[in-house]
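Work through the exercises below with the coordinates open. Each task is followed by a stepwise solution.

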Amino acid sequence: MKLLAVSALVCAVVVLTNAAAYHDLFKRQSGEWTVVGNHQYLYVEYPQTWTEAEQNCHQLGGHLASVHSHFDNHQIRLLVTRMTGGNPEAWLGGSDQYREGNWGWNDGSSWNFKNWCNDQPNNSGDQDCLQMNHSSDHCWNDWPCSTPLPSVCGKPK
């Protein structure tokens with residue numbers, strides 16, 4: 001009977017330890033939303049595939065960020081720089097997964113702004129998802145959706 005009680009206690013400690021670790025990761029990911037105009041943005045440092053990043057943003061109440069102006073693009077870049085001290089590549093919410101060459105935002109908003117690097121998007125090697133901070137120009141690039149990258153979530157204010 002004592003062995004069973006000790007086993008149950010050990011299991012409970014393991015479960016609580018794992019839950020605390022997950023909670024710490026979630027806190028690190030969720031941080032503070034930054035308000036820019038009519039939207040809020042959140043940098044998620046944990047590398048995930050594009051689909052995983054979108055699911056994570058959805059759990060946090062938003063989507064991968066859509067960008068509709070030079071101002072928004074600049075503010076999102078500043079947020080990433082402030083959070084990281086650098087300019088890492090990160091996922092945004094654009095893709096052409098459903099129809100090649102037809103780029104759209106996963107939140108359903110209109111595709112009324114773009115910041116593609118020269119000769120992008122090029123779909124080299126089945127690149128269907130939008131990556132920000134590509135090259136020294138910090139422009140957009142199409143990239144394989146299966147690549148784990150940090151991401152930027154967005155939601156209305």
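A residue counts as buried when its relative accessible area is under 20%. The model is predicted.

**Exercise 1.** Find which residue is joined to C57 by a disulfide, and place both partners in the chain.

Solution.
1. The partner is C153, with an S to S distance of 2.0 Å.
2. Both C57 and C153 are buried.
3. The torsion about the S-S bond is -80 degrees, a left-handed link between C57 and C153.
4. C57 belongs to helix α2 (residues 50-59) and C153 to strand β8 (residues 149-156), so distant parts of the chain, 96 residues apart, are linked.

**Exercise 2.** Determine how many disulfides the whole structure has, and derive the pairing pattern of the bonded cysteines.

Solution.
1. The search gives 3 disulfides.
2. Besides C57 to C153, C117 bonds to C139 at 1.8 Å between sulfur atoms, and C129 to C145 at 1.9 Å.
3. The link of C117 and C139 is right-handed at 100 degrees; that of C129 and C145 is right-handed at 95 degrees.
4. Numbered in sequence order, the bonded cysteines pair as 1-6, 2-4, 3-5.

**Exercise 3.** Classify the ring pair of F113 and W140 as stacked, tilted or edge-to-face.

Solution.
1. The ring centres are 5.7 Å apart and the planes stand at 85 degrees.
2. Planes over 60 degrees apart count as edge-to-face, so the F113 and W140 pair is edge-to-face.
3. F113 is buried at 8% relative accessibility, and W140 is buried at 0%.
4. Both rings belong to one aromatic cluster with W103, W105, W111 and W116.

Note on methods:
Residues numbered from 1 in each chain as written. Predicted model: local features only at pLDDT ≥ 70, side-chain atom pairs only at ≥ 80, totals over all residues. Heavy atoms only, no water. Phe/Tyr/Trp six-rings, centres within 6.5 Å; stacked < 30°, edge-to-face > 60°. Buried < 20%, exposed > 50% of the residue type's maximum accessible area, 1.4 Å probe, protein only. Disulfide = S-S within 2.5 Å. Helix = DSSP H or I, 4+ residues; strand = E, 2+ residues; numbered from the N terminus.
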